[in-house]
Amino acid sequence: MALLEVENLNVDLATAMGPARAVRNLNLTLEKGQSIGIVGESGCGKSMTALALMGLLPENAITTGEIRLSNENLLKKSERELCTIRGNRMAMIFQEPMTSLNPVHTVGRQIMEPLRLHRGLSKADAKKKALQLMDRVGIPNPEQRIANFPHQLSGGQRQRVMIAIALSCDPDILIADEPTTALDVTIQDQILELIQNLVAEEGMSLILISHDLGVIAENTEKVAVMYGGTVVESGATDQIFGQLSHPYTQGLFAAMPKLGMDRTKRLTTIPGTVPDLVNLPAGCTFTDRCPLASSICRENTPPIEALGSSHAVACHNLQQAIEARSAGLYE
Amino acid sequence: MSISSSQSFVSRCFKSRSFVVGGLMTGFLLLCAITSLFWTPGEIYDISIADRFLSPSLTHWFGTDQFGRDIASLLMTGTQNSITVGVVAVSIGLSVGVTLGLTASAQRGWVEELIMRLSDFSFAFPAILSAIMITAILGPGGVNSILAIGIYNIPIFARLTRGTANAIWAREYVMAARAAGKGKFRITLEHVLPNILSIIIVQVTIQFAIAILAEAALSYLGLGTQPPHPSWGRMLNEAQSLMFFQPLQAVYPGAAIALAVFGLNLLGDGLRDVLDPRLSRKR
C-alpha cells in the first residue's frame, strides 16, 4: 500500500461560462520517502492538483475521485478532520515567500503555532523546538531572528521560515508548489538543496511542483508531465529524461534555452496557447499545438501506453513521436 | 502595517500633524468632561431668572442662558453626555458589527448573503430617520438615543469589516495558515482581525464624531437627552428661538459640536497615517 494514492481525480471549477476542467483523470502514487515532480506550463493544473491534495481548493471547485492517504480517502473527510491532517501529516510550501507570512506576527510565533496546535506543546517547548527548526533550515542567529517580523528577513530567509513551518510537525508528505520561482538563482539552489536534504533525513515524501525541467530532473525520482489538466507522460525521472516521448514533453525540452547555443538563433517555442479549460477540445487536448496531430487525435482520448517498466505516455501517434525525437519535432 | 518597535510608532505619531492637532482637541474635550465631574465654573441646575442673558465676564466666561445658568458650565457638563453617547454607541456598533462582518467573511455562502442584505436593508433608511424611528418606538431619552445610534452603527462596521476581511482571506498567508491546519475561527482571530484592526480603529474615530452629531441632532429634536441634563443639541434647540436677539447663545454649543467632530476626524485621519505607513507620511 502506497502512502498516497490518487485515483481518477477530477477538479471542476464553476465559472460564469460553465465548469472549467482544471484537473482531469489524474492518477498518482507516492511511496514513503519517494519524491515526485509535477511539471507543465502555467494553467496546466499543477497547483490545482496540489491544492486538491491539501483540501484547499476554492469553494467553487467540485472534486471527484479518490485521494487516499494511508488508505483513508481525504475527499470524504470533514473540514475539521482535514485541519488535523494539514500541517501535521501533509504540509505545503508556497511560491511566494514574500507574502506567505503574516506581516503582523513575528516569524517565531508563526513557526510555533503549528507545534502548539498539532502537538499541543507549551509555549516554552514550542520556542525551543522553533529555535532548533530555524537552526536546521539554516537561519543564522535564531535567537535574534525568532523575534523578527517577516519584513525584516530577505526572500530566501522567509522561504527558509516557510520550510521550518512546514517541517515543524514532521509531516509524511511535503508539497512544494514552485518553492523557488520567486527567488534568485543562487538562493534557488540553496533552498532546493535544503529541501532535498531535509526530505532525505526525515524520510518524508516530496511532491515538487515546477515549470522548470532542470529543477525537476535534479530533485525527483518520478515525474508527471501535465498538460490541459491531465497527465500526458509519467514515470521514473531518468527514464523520461532519457527518452522523451510525448510531443508535449519534447516541446518543453526544446523550449529550454541551452548553454552555448547560437545567440542569433531564436528560442524554440511550442506554437499556440494552452487550451481553454471551459471549452476543452474533444480527444487529445494537445491536438491544436501538436506537429504530429492526425484526425484520430481530434476524436478520441489517447490511451495510456506503457513504454518500459515505469514509463507511460498518452499519445495516439507514439511511434512517430519516438522516431521524430532525434530530428527534433519543433525545428 | 506592522509596527516594528514602539519608538518608531511614537515618532510617527508626532510627525503626523493631524494626529497631534486632533489628539489635542480630543484630549481637551476629555479634560472638560473629567473636570466637570467635580468642578464647574458655575451652577447648572440653579435657575435664577434675574441673571439671565448676562454678557461674558470673569464669573460667567460665556455669559448665561435664558434661565440664568452658566453657559460654560453647561457646555462642560454636556461634554460628558457627548462622550458617553460616543463611547457606548460606537461600542455597540463595533462589537456587534465587527462580529457580524468577520462571521460573514469566514462563512461565506448564505450566511454572508443574509448579513450583507440585512445591512443593505438598514442602509436604505437615512441614519437620522432610523434613529428617530427607534426613539419613537422606545420613547425619547438619553439611553434610547444611544441605543438608536448604536444600532445605526452596526451595519457600518459590519460592511467595513466584511469587505476588508475578505481581502485578507484572499492573501497567501491565510492560505499558508490553512495549509498549516488552522480552522476558520483561529484564522479569523490570529490573521484576519490583526490585519484589519488599523482600518477599524480609524472608522471608530469617524463613527464617534458621527455619534456626537447624531446625539446633538436627536436632542435638538427633543428625542435625546431630557432636561435638566445639559446636552449640546438641546442647547442649540433652545437658542434657536432666541437667535435674533441673543445670537451668541447658538454659537457656543455649535462651536463645541464643531470642535468635537473636527478634532475626532483629524485624529482619525492622523491615525490612518500612523497605523498604515504605506499611505503618504508627508501630511
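Okay, let's start on strand β6 of chain A. Met90(A) and Met92(A) point one way from β6(A), while Ala91(A) and Ile93(A) point the other way. And here's the nice part: all of them are buried. If you've wondered about that back-and-forth, in a regular strand the side chains alternate between the two faces of the sheet. Keep in mind as we go that this is a predicted model.

So who sits beside β6(A)? That's β7(A): the two strands run parallel, joined by 4 bridges. If you want one spot to click on, Ile93(A) stands opposite Ala176(A) in β7(A).

Now zoom out a bit. How many strands form the open sheet in chain A? There are 8 of them, and the order across is β6-β7-β8-β3-β9-β10-β12-β11, with mixed pairing. The edge strands are β6, residues 90–93, and β11, residues 304–306, and each of these pairs on one side only. On average, neighbouring strands in this sheet are turned by 20° against each other, if you ignore direction. There's a helix on it too: α6 of chain A, residues 155–167, packs on the sheet and touches β6 and β7. The direction of α6(A) makes about 175° with that of β6(A).

Further along the sheet you'll find an antiparallel pair. Strand β9, residues 222–227, is joined to β10, residues 230–236, by 6 bridges. Look there for Met226(A), which stands opposite Val231(A) in β10(A).

Next, the core. Which residues touch the most other members of the largest nonpolar core? Ile175(A) and Ile207(A), out of 150 residues. Leaving out residues up to four places away in sequence, Ile175(A) touches Ala50(A), Leu53(A), Met54(A), Met90(A), Met92(A) and Ile207(A). You'll recognise Met90(A) and Met92(A) from β6(A), where we began. As a general point, in soluble globular proteins, nonpolar side chains tend to be buried together.

For contrast, is Leu259(A) buried or exposed? Leu259(A) counts as exposed, because it has 4 C-beta neighbours inside 10 Å. You'll find Leu259(A) in the loop between α10 and α11 of chain A. Its C-alpha atom is separated by 33 Å from that of Leu153(A), 106 residues apart along the chain.

Right, over to chain B. It has 10 helices and 0 strands. Its C-alpha atoms fill a box of roughly 75 × 45 × 30 Å along the principal axes. Of the 283 residues in chain B, 42% are buried. And among its contacts between residues at least 6 apart in sequence, 69% join residues at least 24 apart.

Where do the chains meet? 18 residues of chain B are in contact with 25 residues of chain A. On the chain B side, α7 and α8 each supply at least two residues, and the largest share, 6 residues, comes from α7(B). By class, that side has 7 nonpolar, 6 polar and 5 charged residues.

Last thing: confidence. The model scores ipTM 0.83 and pTM 0.80. Chain B averages a pLDDT of 83, and 94% of its residues score at least 70. In chain B, confidence is highest in helix α7, at a mean of 91, and lowest in helix α1, at 70. Over residues 1–5 of chain B, pLDDT stays under 50. Where pLDDT is low, the predicted coordinates should not be read in detail. That's it from me!

Note on methods: Residues numbered from 1 in each chain as written. Chains lettered and ligands numbered in written order. Predicted model: local features only at pLDDT ≥ 70, side-chain atom pairs only at ≥ 80, totals over all residues. Pairing = 2+ DSSP bridges. Axes fitted to C-alpha atoms, helices over the stretch in contact; angles between N-to-C directions. Contact = placed C-beta atoms within 7 Å. Core = buried A, V, L, I, M, F, W, Y, C linked by C-beta atoms within 7 Å. Buried ≥ 20, exposed ≤ 12 C-beta atoms within 10 Å, placed from the backbone. pLDDT = per-residue confidence, 0-100. Nonpolar A, V, L, I, M, F, W, Y, C, P; charged D, E, K, R; others polar.
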